[in-house]
Amino acid sequence: MKIALRAENYRDPFGYEQERRNVWSREWVMFCTTAELSKPGDYYAADLAGWNLLLTVNPQGEIIGFHNVCPHRAGVIAWPGNGTLGNLVCRYHGWAFAWDGSLKSARDFGNEEPLCAEDFELKKISVQAWGPFVFVCLDPNAAPLLESLGGLPERISQYPIETFTYAQRVQREISCNWKTYVDNYLEGYHVPLLHPSLTKALDMSTYQVSIPEPSFCLHTCDTTQGSASGGAWLFRYPNLALNIYADGMNVERIIPLGYDRTMIIYDYFSVDTSAESIARMVDLSNVVLDEDQLICEAVQRNLNSGVYEAGPLSPRHEIGLMWFQRKIAEAISL
Ligand code: FES
Ligand SMILES: [Fe+2]
């Protein structure tokens, strides 16, 4: 019988540091959408597991990425969020950088010899887009994004995602370890108990989870008659959930903010981008997210309490957790 990860793996700051090094700095991770980076000067800056990252579009129209950390005294080049940048200038003391990250000028520094541009560069990160998604990777030796996606693009090719327009982002911080939330996403076992509206829309006897390839997991379920909420739900290790329907998709990312806090980010895409249609999508997923947040935070408090160590995983319903937890255990050499 397979046993879940031990409770200490969900509450340990040292274990989280291992995950930052062995998971979050090695994998390609979706970071934003191409809609946010469509013309020169557009930028998006956000935190990824403790790394402050900045993506922007250079004057040639290419998306480029840097650690949002100034080599002078660790100031930021852009505040978190998105918008337009005229140039790369640190917000702390005004050092200016060229679009390749090299130092252009150290404002009013007072030295006789200019600082060597190569010694004070912004650190670059790898950035690649697939469809409407922009991914980053902090490992310079990682395989190209498309290679690492494997058969995932093919698996969703039956859905017309190119006809969907990016509509809205909703984010919510929750008080649990990121893996507590991922575990919950990876099984439908809890749906009949926690999600009454989903249960009405789905024929839960057909709910299935499979692992088509080592890098992603697939959930499928038929809808009950007349309901339009069935679709394909894919989860790509370590944190990307693609919930795809015939007329739109919501793309959910689970981003650790620390060992005990997690940001859930939803990006909504739809054929029908009217305010009513988007509000309906957001309302539906907010109901499910409220229900998942409630249980994930309760589970986390119990994992923290010291009463529970590790329980058995269901061979019928929890093979997604077996897959995910084995990958985590291998990554951090448990
Ligand atoms: S920290 Fe960036 S200019 Fe000083
Ligand atoms: Fe759920």
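**Entry 1: a strand pair.** I started at phenylalanine 216. In this predicted model, Phe216 stands opposite arginine 236 in strand 14. I then looked up how the two strands are joined. Strand 13 covers residues 216-220 and strand 14 covers residues 232-236. They run antiparallel, and five bridges join them.

**Entry 2: the sheet.** Next I traced the sheet. It is open and has seven strands, with antiparallel pairing. I noted the order as 11-17-16-15-14-13-12. Which strands are the edge strands? I found strand 11 (165-174) and strand 12 (208-213), each of which pairs on one side only. I also looked up the turn between neighbouring strands, which is 20 degrees on average, direction ignored.

**Entry 3: helices on the sheet.** I checked what packs on the sheet. Helix 4, residues 178-185, does so. I listed the strands that helix 4 touches: strand 11, strand 14, strand 15 (240-245), strand 16 (248-256) and strand 17 (262-270). The direction of helix 4 makes about 150 degrees with that of strand 16. Helix 8, residues 319-331, packs on the sheet too, touching strand 12 and strand 13. I read an angle of about 40 degrees between the directions of helix 8 and strand 12.

**Entry 4: the whole chain.** I stepped back to the protein. It has eight helices and 17 strands. Its radius of gyration is 21 Å, close to the 20 Å that the globule rule gives for 334 residues, so the protein is as compact as a globular protein of that length. The C-alpha atoms fill a box of roughly 75 × 50 × 35 Å along the principal axes. I found that 34% of the 334 residues count as buried. Among contacts with a separation of 6 or more, 57% come from residues 24 or more positions apart.

**Entry 5: domains.** I looked up the domain assignment. It gives domain 1 (28-141) and domain 2 (150-331). Their centres, taken over C-alpha atoms, are 31 Å apart. The contact takes ten residues from domain 1 and eleven from domain 2. On the domain 1 side, strand 1 (29-33) and strand 2 (42-48) each give two or more residues. Strand 1 gives the largest share of that side, three residues.

**Entry 6: the core.** Where does the largest nonpolar core lie? I first noted that it has 73 residues. Phe31, Leu53, Leu55, Val134, Phe135 and Tyr181 touch the most other members. Both domain 1 and domain 2 give residues to this core, so it lies between them. Last, I followed Phe135. Leaving out residues up to four places away in sequence, it touches Trp28, Val29, Met30, Phe31, Gln128, Trp130 and Leu145.

Technical notes. Residues are numbered from 1 along each chain as its sequence is written. Chains are lettered from A and ligands numbered from 1 in the order in which they are written. This is a predicted model: local features need pLDDT of at least 70, side-chain atom pairs count only at pLDDT 80 or more; totals for chains, interfaces and linings use all residues. Two strands pair if DSSP finds at least two bridges between them. Helices (H or I, at least four residues) and strands (E, at least two) are DSSP runs, numbered from the N terminus. Axes are lines fitted to C-alpha atoms, for helices over the stretch in contact, and angles run from 0 to 180 degrees between N-to-C directions. Two residues are in contact if their C-beta atoms, placed from the backbone, lie within 7 Å. The radius of gyration is taken over C-alpha atoms; the globule rule is 2.2 Å times the number of residues to the power 0.38. A residue is buried if 20 or more other C-beta atoms lie within 10 Å of its own, exposed if 12 or fewer, and partly exposed in between; C-beta atoms are placed from the backbone. A nonpolar core is a set of buried Ala, Val, Leu, Ile, Met, Phe, Trp, Tyr and Cys residues joined through C-beta atoms within 7 Å. Domain bounds come from an automatic or database domain assignment.
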